[in-house]
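Colleague: I should like to learn how to read a structural model, beginning with one side chain and ending with the whole chain. May we take the features in turn?

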Amino acid sequence: MERLIKLLKENNLTFGTVESMTGGLFAATLTSYPGVSSFYKGSLITYAAEEKIRFANVKKETIDKYSVVSPEVALEMAQGGKVSLNVDVCLSITGNAGPSVDKGNKEVGEIYIGLAFDDKSIFKKINLKGDRNDIRSMSIKEMIEFVLQNVKNKHK
């Protein structure tokens with residue numbers, strides 16, 4: 001997490017998150033570090049589909065067509081969160097942490113991370129194994145690495 005904080009601070013980037021299956025765990029982890037209020041604006045915890053639509057501007061049609069556990073929804077969550085939270089970089093996550101296959105037939109551990117920054121929107125699919133809390137914890141590490149790999153330092 002320290003590398004992520006350093007990247008965002010050094011580049012004067014505001015940051016926000018839209019979380020589903022992690023239920024705010026990323027936000028709680030990030031805000032346990034002092035000084036993050038200088039760049040972190042907040043998180044939308046959109047656990048239910050209707051909240052993804054209402055707060056993160058995900059289209060109902062997208063959810064109906066692809067299900068909430070999909071790259072399309074992860075991207076719309078990040079894009080909508082970037083606007084709603086008025087941030088430079090917005091990170092999102094949606095997935096199935098278990099304990100069973102979800103309504104859209106998404107296997108336990110199937111996760112999509114979305115990222116919106118500059119004029120880009122990208123996603124990453126990951127598959128994790130473990131129990132519900134293991135999957136949620138491992139997702140936080142994956143989210144951090146995804147930002148670090150894609151949001152480049154402006155000073156390089």
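**From one contact to the whole chain**

Modeller: We may begin with a polar contact: in this predicted model, a polar atom of the side chain of N96 lies 2.8 Å from the backbone oxygen of K106.

Colleague: Where is N96 found?

Modeller: N96 is part of the loop that runs between β3 (89-95) and β4 (110-117).

Colleague: Does N96 count as buried or exposed?

Modeller: A residue is called buried when its relative accessible area is under 20%. N96 counts as buried because its relative accessibility is 6%. Across the chain, buried residues account for 49% of the 156 residues.

Colleague: How many helices and strands are there in the chain?

Modeller: The chain has 6 helices and 5 strands. Along the sequence they follow the pattern α-β-α-β-α-α-α-β-β-β-α.

Colleague: What does the radius of gyration say about the chain?

Modeller: One compares the value with that of a compact globule, which for 156 residues would be near 15 Å; the chain has 15 Å, so the two agree. Along the principal axes, its C-alpha atoms fill a box of roughly 45 × 30 × 25 Å.

Colleague: How should I read contacts along the sequence?

Modeller: One considers contacts between residues at least 6 apart in sequence; in this chain, 62% of these join residues at least 24 apart.

Colleague: What of the surface and the charges?

Modeller: The accessible surface of the chain is about 7,900 Å², and carbon and sulfur atoms contribute 50% of it. As for charge, there are 22 positive and 19 negative side chains, with the centres of the two sets 3 Å apart.

Key: Residues are numbered from 1 along each chain as its sequence is written. This is a predicted model: local features need pLDDT of at least 70, side-chain atom pairs count only at pLDDT 80 or more; totals for chains, interfaces and linings use all residues. Side-chain values use heavy atoms; hydrogens and water are left out. Helices (H or I, at least four residues) and strands (E, at least two) are DSSP runs, numbered from the N terminus. Buried means under 20% relative accessible area, exposed over 50%, partly exposed in between (1.4 Å probe, protein chains only). A polar contact is a pair of N or O atoms within 3.5 Å; within protein, one must be able to donate a hydrogen and the other to accept it, and residues adjacent in sequence count only if both atoms are side-chain atoms. The radius of gyration is taken over C-alpha atoms; the globule rule is 2.2 Å times the number of residues to the power 0.38. Contact means heavy atoms within 4.5 Å. Accessible areas come from the Shrake-Rupley method with a 1.4 Å probe; for residues, only the protein chains shown count as cover. Lys and Arg count as positive and Asp and Glu as negative; His and the chain ends are not counted. The place of a charge is taken as NZ of Lys, CZ of Arg, CG of Asp or CD of Glu.
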